[in-house]
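Trainee: I have the sequence and the model open. Can we work through some packing questions?
Mentor: Yes, go ahead.

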Amino acid sequence: MRAALDGVVVLEWSTGVAGPDAGQLLGGLGAEVIKVEEKGRGDPFRAIKKVGGLIPVAGPGGRNLFFEPFNCNKKSLAIDLKHPAARQVICRLVEGCDVFLTNFRRGAAARLGLDYPELRKHNPRLVYARVSGFGAQGPDADSPAYDLAGQARSGAMTAMRHAEEVPFATWGIADEMAAMCAAYGIVTALLVRERQGVGQEVEASLLGGMLHLMRIQLSVKLLTGEEFAPYDRRRVGNPLLNIYRAGDGQWLCLAMGSLADKYWPRLCRALGLEHLEGDPRFSSMAAREANREELIALLDQVFTRRPRDAWVEYLKGWDIIAAGVSTLSEVASDPQTVANQYVQEYDHPVLGRIKLVGPPVQFSHSPARAYSPAPEVGQHSAEVLHKLGGYSEDEITRLRELGVR
């Protein structure tokens, strides 16, 4: 069976996470993704030594463990884009591409002749996708940005803060959201091109992706004028939508939201709290909200009686929506994670047997293609120039002699 994007050719000129991960998502769906890298050193992110300044990422054989997951399923073309002849090479390759993907700023792309107005001259059907920090319009349209800046400016750090008022941050969510939005936009633009025959420019951003992630909180603010209070598990409005510490010190989550009234009698029976089922303090959503601190304290006591996993298994038998609060180590071996191939194992030619995050979407008739490792710098330069650009061996040799590749 053919993969969903089999036959689609993507020329990716990007660095960091958001742009490369968008390319990786397309590659996982079967697109041929060609990563344009700086001649010699390649993508600067190949040289990163630690993630977050704390976790070493140097792997065997000089491989970068942080670079690998965002650049697998790609080929590498190494070229000196500052060379006068490089622009002609890219334009020639663009003629045979479906997508040009970048996360460099518009000014940098324009200086090199790699912006949309220039490249579309060579391929009017081209889908030109750009991942920016803050969107295509506005005073900061061309400002530099990294992941944490997107989290900060989107309001996410404030909205997800705990009761201690310290802004919340975690690594990579703005980059990942921007990558998924870019991939979503590219696939949509390809469909438009198929049906309407036109190429177009697609823009995704760290800010736009994070605002979509924060859509519930932001929509409430826009429509009601109210903001969610800092998270405090002791005072959440719905005690059946909360986290509790189990007897082994681990946490579990009850996740019964708008249907909490339906689940309340069943939860009471499951927890041996039948006497509370008709208690006017807790018998309705409104009553439980009014007496939330008292009910949360009662549930806190009950959940100390068993370990987390025992509670999760027991509550599953009652068809109650509950989940353990997992560590990343637990996620990797979770039976659901494994069964759905959300984490997959691969044989890497240098790193050996490794695990990587798999595609988030599954297809019954067009499965994601098999994993191929992140390329070495320029590993596929001659192949790409010949097959995509139609360059002869003599022309490829001449480009090498000129210092273009």
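Mentor: One definition to begin: contact means heavy atoms within 4.5 Å. Keep in mind that this is a predicted model.

Trainee: Which helix lies across β10 and β11?
Mentor: Start with the strands. β10 covers residues 251–255 and pairs with β11 in the antiparallel sense over 3 bridges. The helix across them spans residues 308–317 and runs at about 25° to β10. It is α14.

Trainee: Which strands stand at the edges of that sheet?
Mentor: The sheet is open, with 3 strands in the order β9-β10-β11 and antiparallel pairing. An edge strand here has a single partner, so one side is left without a neighbour in the sheet. The edge strands are β9 (241–245) and β11 (322–324).

Trainee: Which residue in β11 stands opposite Leu252?
Mentor: β10 holds residues 251–255 and pairs with β11. Across from Leu252 in β11 stands Gly324.

Trainee: Are the rings of Trp311 and Tyr314 stacked or edge-to-face?
Mentor: Both residues lie in helix α14, 3 residues apart, about one turn of the helix. Their ring centres are 6.0 Å apart and their planes are at 70°. Planes over 60 degrees apart meet the cut-off, so the pair is edge-to-face.

Trainee: Is Trp311 buried or exposed?
Mentor: The cut-off for buried is under 20% relative accessible area. Tyr314, at 25%, counts as partly exposed. Trp311 has a relative accessible area of 3%, so Trp311 is buried.

Trainee: Which residues form one aromatic cluster with Trp311 and Tyr314?
Mentor: Trp311 and Tyr314 both come from α14. The other members of the cluster are Tyr244, Phe303 and Trp318.

Trainee: How many residues apart in sequence are the parts that the Trp13 and Phe104 pair ties together?
Mentor: The ring centres are 4.3 Å apart and the planes are at 20°, so the pair is stacked. Trp13 lies in strand β1, while Phe104 lies in the loop between β6 and α4. The separation is 91 residues.

Trainee: What is the angle between α9 and α10?
Mentor: The axes of α9 (residues 206–213) and α10 (residues 215–224) are 5 Å apart. Leu211, His212 and Leu213 in α9 meet Arg215, Gln217 and Leu218 in α10. The helices pack at about 80°.

Trainee: Which residues does Cys181 contact, leaving aside its neighbours within four places in sequence?
Mentor: Cys181 is in helix α8. At 23% relative accessibility, Cys181 counts as partly exposed. Its contacts are Ala204 and Gly209.

Conventions. Residues are numbered from 1 along each chain as its sequence is written. This is a predicted model: local features need pLDDT of at least 70, side-chain atom pairs count only at pLDDT 80 or more; totals for chains, interfaces and linings use all residues. Side-chain values use heavy atoms; hydrogens and water are left out. Two strands pair if DSSP finds at least two bridges between them. Helices (H or I, at least four residues) and strands (E, at least two) are DSSP runs, numbered from the N terminus. Axes are lines fitted to C-alpha atoms, for helices over the stretch in contact, and angles run from 0 to 180 degrees between N-to-C directions. Buried means under 20% relative accessible area, exposed over 50%, partly exposed in between (1.4 Å probe, protein chains only). Rings of Phe, Tyr and Trp (its six-membered ring) pair if their centres lie within 6.5 Å; planes under 30 degrees apart count as stacked, over 60 as edge-to-face and the rest as tilted.
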